[in-house]
Amino acid sequence: MQEISEVQRLSNRVAGLKPSGIRKFFDIVATMKDVISLGIGEPDFTTPKPILDAGIRSLQNGETHYTSNQGKMELRQGVVDNLQKLYNVKYDAAREVVATVGVSEALYLTFTAILEPGDEVIIPTPCFVSYQAEVILAGGVPVEIPARLENDFTIDPDDIRKAITPRTKVIFIGYPSNPTGAVAPREVMVEIGKIAEQYNLIVVSDEIYDRLVYDFEHVCFPALDESLRRRTVLLGGFSKAYAMTGWRIGYACGPEDIIQGMVRIHQYTIMSAPTTAQDAAIEALKSGEPHVQEMVTEYDRRRRLLVAGLNRLGLSTFEPRGAFYTFPNVKASGMDDETFAETLLKEEGVAVVPGNAFGPGGEGFVRACYATEYSKIEEALYRMERFMSRHG
């Protein structure tokens, strides 16, 4: 009998997915010693103690059962109140919010709920590696447009207009940006809103890094206008600002019809977000703000060190205004981004991520994360100076 190959057993959607360029690279890092990682995009801080204590209390009190599919009402109301306080945007906690297993699940739910096979989603690149994959898994078609360095890695609205076809259903935006650290100015967001209204498109806005901004304003997209709020799915969570990546807790807010569609998928695939994580997130919203500000202050200190250091080495670096990433151009090394990252890791034990992992527009750059200790960044820069003295 003829054997069935593994690829034949997989759906075409899954068989065609590319491995994550980030994880592929860090499989190599895991086999090495004395590596300074400027790669993985998560806080190096431990979750603040009051939030940890809330999670522990939750377990000790026997909160080990399912919650409502949408998440605890106290958490949803806390999310709603926080968004209104920060951005003056209003949601109904009962019908317009769902707690999810991180923003990753929120992405999956959103695209699965709104896309028909062949629907197109406009995605600016370079961008986080999951965006295109989640669209493909939902049966949609990612349409990539460039976010260029000359525009401070923000979208040119004209590029959106050129990309629109009769199959376009969604404009996706993600600011502050992973991997560039770009923050979109208000005037750009307003233009994106006009395009969405003109062509009757849904906007999906990933704002997971909204609290991590430096000397710049974060513009919450659905807060721009009530008509935009009614066509936008806002994605957010606790991983980055509250150092809660391992808790896996996020949320989506949006129009009732879309959110309730997402809840139907969520109840069949996940049931509910982890109860302990929900209780910790409730505490984060109540008492976490001073800790957020402390971490932002420290990230800013590291940001200035890394940006100045990279520029001094001839690795021209756009000044990031949000998140915790720099995106230096490695042209001065005479290498492409993947060769640069591999050689730097091999010769000096410094891990960065090749820009091509983040799609078109990332080629020639690398992502260097400053969510690591100040002294380690100093040592990484020292090693990179040696590296550039040989290759610059």
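**Exercise 1. What percentage of the 392 residues in the protein chain do buried residues make up, and how does the radius of gyration fit the picture of a compact globule?**

*Solution.* The model is a predicted one, and the first step is to read off the burial, which amounts to 56% of the 392 residues in the protein chain. The second step turns to the radius of gyration: because a compact globule of 392 residues would have a value near 21 Å, and the protein chain has 21 Å, the two agree. As a third step, the extent of the C-alpha trace can be set beside this, since along the principal axes the trace spans about 60 × 60 × 50 Å.

**Exercise 2. Describe the secondary structure, the contacts and the surface of the protein chain.**

*Solution.* Begin with the elements, of which the protein chain has 15 helices and twelve strands. Next consider the contacts between residues at least 6 apart in sequence, 75% of which join residues at least 24 apart. The exposed surface comes to about 17100 Å², with carbon and sulfur atoms supplying 49% of it. Finally, the charged side chains number 41 positive and 53 negative, and the centres of these two sets lie 1 Å apart.

**Exercise 3. Locate Ser333, decide whether it is buried or exposed, and work out which polar partners its side chain has.**

*Solution.* Ser333 is found in the loop that runs between strand S9 (325-326) and helix H14 (337-348). Its relative accessible area is 7%, and because buried means under 20%, Ser333 counts as buried. Turning to the side chain, one of its polar atoms lies 2.7 Å from the backbone oxygen of Val330, while the side chain also reaches the backbone nitrogen of Met335 at 3.2 Å. When residues up to four places away in sequence are set aside, Ser333 touches Phe340, Met388, His391 and Gly392.

**Exercise 4. Carry out the corresponding analysis for Ser389, asking in which helix it lies and how far its C-alpha atom is from that of Ser333.**

*Solution.* Ser389 has its place in helix H15, which covers residues 374-391. With a relative accessibility of 61%, Ser389 counts as exposed, the cut-off for that class being over 50%. A polar atom of the Ser389 side chain lies 2.5 Å from the backbone oxygen of Arg386. The last step links the two serines: although Ser389 and Ser333 are 56 residues apart along the chain, their C-alpha atoms are separated by 9.4 Å, and the pair thus joins an exposed residue with a buried one in this comparison.

How values were computed
Residues numbered from 1 in each chain as written. Predicted model: local features only at pLDDT ≥ 70, side-chain atom pairs only at ≥ 80, totals over all residues. Heavy atoms only, no water. Helix = DSSP H or I, 4+ residues; strand = E, 2+ residues; numbered from the N terminus. Rg over C-alpha atoms; globule rule 2.2 N^0.38 Å. Buried < 20%, exposed > 50% of the residue type's maximum accessible area, 1.4 Å probe, protein only. Contact = heavy atoms within 4.5 Å. Areas by Shrake-Rupley, 256 points an atom, 1.4 Å probe, with all protein chains shown as cover. Lys, Arg positive; Asp, Glu negative; His and termini not counted. Charge placed at Lys NZ, Arg CZ, Asp CG, Glu CD. Polar contact = N/O pair within 3.5 Å; in protein donor to acceptor, adjacent residues only side chain to side chain.
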